[in-house]
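Here is a short set of exercises to work through with the model open beside you. Try each task before you read its solution.

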Amino acid sequence: MVKIVALSFLLAGCATSGGSFCAVGHPIRPAKAEVAALSNGSVAAILAHNEKGQKLCGWRP
């Protein structure tokens, strides 16, 4: 019975949309001087992170 209750808590945590990401995540806004030094991969990762935050948390540019 304890295993079923624990499993239900874990599954319920997975079913929520945006809860923990929005609580701990913040937009990544590199300074102008940093932008020139970023690799294409870093730019793509920052863009994906910020788009996720915009969709789930309502972040604004």
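A residue is called buried under 20% relative accessible area, exposed over 50%, and partly exposed in between, with a 1.4 Å probe and protein chains only. The model is predicted, so local features need pLDDT of at least 70 and side-chain atom pairs count only at pLDDT 80 or more, while totals for chains, interfaces and linings use all residues. Residues are numbered from 1 along each chain as its sequence is written, and side-chain values use heavy atoms, with hydrogens and water left out.

**Exercise 1. The loop glycine**

Task: Find where Gly25 sits and decide whether Gly25 is buried or exposed.

Solution: Start with the place: Gly25 belongs to the loop between helix 2 and helix 3 (32–35). Next, take its relative accessible area, which is 11%. That value makes Gly25 buried, because buried means under 20%. Finally, look across the fold: Lys52 is 27 residues away from Gly25 in sequence, yet their C-alpha atoms are 9.9 Å apart.

**Exercise 2. The overall layout**

Task: List the elements of the chain in order, and state how much of the chain is buried.

Solution: Helices (H or I, at least four residues) and strands (E, at least two) are DSSP runs, numbered from the N terminus. The chain has four helices and zero strands, so the order α-α-α-α follows from that numbering. Of its 61 residues, 10% count as buried. For the surface, the Shrake-Rupley method with a 1.4 Å probe gives the accessible areas, and for residues only the protein chains shown count as cover. The total is about 5100 Å², with 66% of it belonging to carbon and sulfur atoms.

**Exercise 3. Helix 4 and its end**

Task: Check the length of helix 4 against the expected span.

Solution: The expected span is 1.5 Å times one less than the number of residues. For the 18 residues of helix 4 this comes to 26 Å, and the end C-alpha atoms are 25 Å apart, which agrees. Just after the helix, Gly58 has a positive phi of about 80°. Trp59 is also in the segment after helix 4, and is buried at 13% relative accessibility. From Trp59 to Cys22 the C-alpha distance is 9.3 Å, with their positions 37 residues apart in sequence.

**Exercise 4. The disulfide**

Task: Which cysteines form a disulfide, and what is its handedness?

Solution: The rule is a pair of cysteine sulfur atoms within 2.5 Å, and the count comes to one disulfide. Cys22 and Cys57 are the partners, with sulfur atoms 1.9 Å apart. The torsion about their S-S bond is about -95°, so the disulfide is left-handed. Cys22 lies in helix 2 (residues 19–24) and Cys57 in helix 4 (residues 40–57), so the bond ties together parts 35 residues apart in sequence. Cys22 is partly exposed at 28% relative accessible area, and Cys57 is partly exposed at 26%.

**Exercise 5. The largest pocket**

Task: Give the volume of the largest pocket, then describe its lining.

Solution: On a 1 Å grid over the protein atoms alone, a pocket is an open set of points where a 1.4 Å probe fits, with protein on both sides within 12 Å along at least five of seven lines; lining residues have an atom within 4 Å of a point. The volume is the space filled by probe spheres set on the points, which are joined across faces, edges and corners. Here the largest pocket comes to about 170 Å³. Its lining residues include Pro27, Arg29, Leu47, Glu51 and Trp59.

Glu51 is in helix 4 and is partly exposed at 45%; its C-alpha lies 9.0 Å from that of Pro27. Arg29, in the loop between helix 2 and helix 3, is exposed at 56%, and its C-alpha is 9.9 Å from that of Leu47.

Notes
Ala, Val, Leu, Ile, Met, Phe, Trp, Tyr, Cys and Pro count as nonpolar, Asp, Glu, Lys and Arg as charged, and the others, Gly among them, as polar.
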